[in-house]
Amino acid sequence: MKKPVVVLISVLTLVSCDYILKKREDSVVVPREETVAGNDAEKDKNGCVPSAGYKWSIIRNNCIRPSEEGYRLNSIDKVEDDTDVKSAFVLFSENGEDAEVYLPDTEGSIVFHKVAENVFKNQQWTLHADKGFSLKYNGKIYYVGARPVEEGQITGDENEQS
């Protein structure tokens with residue numbers, strides 16, 4: 001029983017000495033670069049990487065991910081079982097005078113200007129930002145924002161695991 005322990009200790013000692021005594025200039029250390037998701041070769045004219053979800057924001061004057069920085073507006077169309085949900089995103093300028101809307105399947109955005117309290121307009125589009133969001137085109141609602149959960153509202157079932 002003692003002999004295997006002595007052999008094991010001897011092997012570990014030799015391996016650790018070999019590691020300690022090796023010359024370090026033989027090993028190459030590659031510096032880690034910061035990587036951005038997406039393909040850098042596919043940058044748009046503003047330097048944004050669309051394949052990583054970045055789009056140019058006119059009111060922020062920067063590349064942003066609308067899905068991370070904006071408010072989600074869901075389409076009011078019925079969604080079929082196998083189709084993707086199409087959402088629009090809206091963000092507001094710091095002074096609250098402008099809003100920028102990103103519609104699904106479009107490259108750019110639409111800038112809205114405040115025309116009344118919680119109402120923003122751009123030609124045929126109107127964005128209402130009171131009691132939730134609604135986005136209308138020629139008076140017809142196409143997108144609405146998610147409604148907040150009210151206090152005391154039941155959102156699940158009685159099963160503790162759901």
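Guide: Before we look at this predicted model, one term: two strands count as paired when DSSP finds at least two bridges between them.

Visitor: OK, so how many bridges are there between β6 and β7, and in which sense do they pair?
Guide: β6 and β7, the latter covering residues 119-122, pair in the antiparallel sense over 3 bridges, and one residue pair to look at is K114, whose bridge partner in β7 is F120.

Visitor: Which residue in that hairpin takes a positive phi?
Guide: That is N118, with a phi near 65 degrees, in a hairpin that has 2 residues between the strands.

Visitor: And what stands opposite D98 in β6?
Guide: H113 stands opposite D98, and β5 and β6 run antiparallel, joined by 4 bridges.

Visitor: Changing topic, which residues have the most contacts inside the largest nonpolar core?
Guide: Within that core of 15 residues they are L73, V101, L103, F112, L127 and L135, and the elements giving two or more residues to the core are β4, β5, β6 and β8. Leaving aside residues up to four places away in sequence, L127 touches, among others, L73, V101, F112 and L135, as well as N118.

Visitor: What about E100, buried or exposed?
Guide: E100, which lies in strand β5, is buried yet has no salt bridge, and the nearest side chain of opposite charge, R60, is 6.8 Å away.

Visitor: Which polar contact does its side chain make with another side chain?
Guide: The E100 side chain makes a polar contact with the side chain of Y102 at 3.2 Å, and the E100 side chain also reaches the backbone nitrogen of I59 at 3.3 Å.

Note on methods. Residues are numbered from 1 along each chain as its sequence is written. This is a predicted model: local features need pLDDT of at least 70, side-chain atom pairs count only at pLDDT 80 or more; totals for chains, interfaces and linings use all residues. Side-chain values use heavy atoms; hydrogens and water are left out. A nonpolar core is a set of buried Ala, Val, Leu, Ile, Met, Phe, Trp, Tyr and Cys residues joined through side-chain atoms within 4.5 Å. Buried means under 20% relative accessible area, exposed over 50%, partly exposed in between (1.4 Å probe, protein chains only). Contact means heavy atoms within 4.5 Å. Lys and Arg count as positive and Asp and Glu as negative; His and the chain ends are not counted. A salt bridge is a side-chain nitrogen of Lys or Arg within 4 Å of a carboxyl oxygen of Asp or Glu. A polar contact is a pair of N or O atoms within 3.5 Å; within protein, one must be able to donate a hydrogen and the other to accept it, and residues adjacent in sequence count only if both atoms are side-chain atoms.
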